[in-house]
Amino acid sequence: MSPVISAVRKLRAALGLTQPAFANRLGLSIRAIAYYEKEREPNGEILRRLGSLAARNGRDDLAKVFYDAFARETEGKTAPATPQ
């Protein structure tokens, strides 16, 4: 199992939330949470939301997993702010 999928499970458990409550807190569908806990890694903005939620709840270890995955995903995809 990937570290990101494991971190999603651990975060929900640490918060003591059901899948529906966790989905609601993140503004996602229950199906999305089920996928993220079983077989599909979240990406983009969802990784940032998960990282923020983990950090706000004192789970810096899990926040790091989400933020690192987001950094890997966006590496080399940003454009310079000014043309050079």
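**Exercise 1. A backbone angle after α4**

Which residue just after α4 takes a positive phi?

*Solution.* The model under study is predicted. Just after α4, the residue with a positive phi is G58, at about 75°.

**Exercise 2. Overall composition**

Determine how many helices and strands the protein has, and state its pattern along the sequence.

*Solution.*
1. The protein contains five helices and zero strands.
2. Read along the sequence, these elements give the pattern α-α-α-α-α.
3. Taken along the principal axes, the box filled by the C-alpha atoms is roughly 50 × 25 × 25 Å.
4. The protein has 84 residues, of which 32% count as buried.
5. Among contacts between residues at least 6 apart in sequence, 51% join residues at least 24 apart.

**Exercise 3. The packing of α1 against α2**

Classify the arrangement of α1 and α2 from the angle between their axes, and identify the residues that make the contact.

*Solution.*
1. Two packed helices are described by the angle between their axes and the distance between the axes.
2. Helix α1 covers residues 3-15 and helix α2 covers residues 19-26; they pack at an angle of about 100°, with their axes 10 Å apart.
3. Because angles of 65 to 115 degrees count as roughly perpendicular, α1 is roughly perpendicular to α2.
4. On the α1 side the contact is made by V8, L11, R12 and L15, and on the α2 side by Q19, F22 and R25.
5. By residue class, this contact divides into four nonpolar, one polar and two charged.

**Exercise 4. The packing of α1 against α3**

Establish how α1 is oriented relative to α3, and describe the residues that meet.

*Solution.*
1. The axes of α1 and α3 cross at roughly 120° and come within 7 Å.
2. The angle makes α1 oblique to α3.
3. From α1, I5, V8, R9 and R12 meet Y36, E37 and K38 of α3.
4. The residues of this contact divide into three nonpolar, no polar and four charged.

**Exercise 5. The packing of α2 against α4**

Carry out the corresponding analysis for α2 and α4.

*Solution.*
1. The axes of α2 and α4 come within 10 Å, crossing at roughly 105°.
2. Helix α2 is therefore roughly perpendicular to α4.
3. F22, R25 and L26 of α2 make the contact with R49, L50 and L53 of α4.
4. Here the division is four nonpolar, no polar and two charged.

**Exercise 6. Two residues of α2**

Decide whether F22 and A23 are buried or exposed, and list what each touches beyond four places in sequence.

*Solution.*
1. F22 is found in helix α2, and A23 lies in helix α2 as well.
2. Buried means under 20% relative accessible area. F22, at 0% relative accessibility, therefore counts as buried.
3. A23 has a relative accessible area of 1%, so A23 is buried.
4. Leaving aside neighbours within four places in sequence, F22 is in contact with V8, L11, R12, L15, L17, I33, L50 and L53.
5. With the same neighbours set aside, A23 is in contact with L28, S29, I30 and I33.
6. As a check on distance, F22 and R12 are 10 residues apart in sequence and 6.5 Å apart in space, C-alpha to C-alpha.
7. A23 and E45 lie 22 residues apart along the chain, and their C-alpha atoms are separated by 14 Å.

**Exercise 7. The nonpolar core**

Identify the residues with the most contacts inside the largest nonpolar core, and the elements that supply it.

*Solution.*
1. In soluble globular proteins, nonpolar side chains tend to be buried together.
2. The largest nonpolar core has 21 residues, and those with the most contacts inside it are L11, F22, L50 and F66.
3. The elements giving two or more residues to this core are α1, α2, α3 (30-38), α4 (44-56) and α5 (60-74).
4. The most comes from α4, which gives five residues.
5. Not counting residues up to four places away in sequence, L11 touches F22, L50, L53, A54, L62 and F66.

**Exercise 8. The geometry and burial of α4**

Test the length of α4 against its expected span, then state which of its residues are buried and what covers them.

*Solution.*
1. At 1.5 Å a residue, the 13 residues of α4 should span 18 Å.
2. The end C-alpha atoms of α4 are 19 Å apart, which agrees.
3. The buried residues in α4 include G44, I46, L47, L50, G51, L53 and A54.
4. Among the elements that cover the buried residues of α4 are α1, α2, α3 and α5.

Note on methods
Residues numbered from 1 in each chain as written. Predicted model: local features only at pLDDT ≥ 70, side-chain atom pairs only at ≥ 80, totals over all residues. Heavy atoms only, no water. Axes fitted to C-alpha atoms, helices over the stretch in contact; angles between N-to-C directions. Helix = DSSP H or I, 4+ residues; strand = E, 2+ residues; numbered from the N terminus. Parallel < 35°, antiparallel > 145°, perpendicular 65-115°, else oblique. Contact = heavy atoms within 4.5 Å. Nonpolar A, V, L, I, M, F, W, Y, C, P; charged D, E, K, R; others polar. Buried < 20%, exposed > 50% of the residue type's maximum accessible area, 1.4 Å probe, protein only. Core = buried A, V, L, I, M, F, W, Y, C linked by side-chain atoms within 4.5 Å. Expected span 1.5 Å × (residues − 1).
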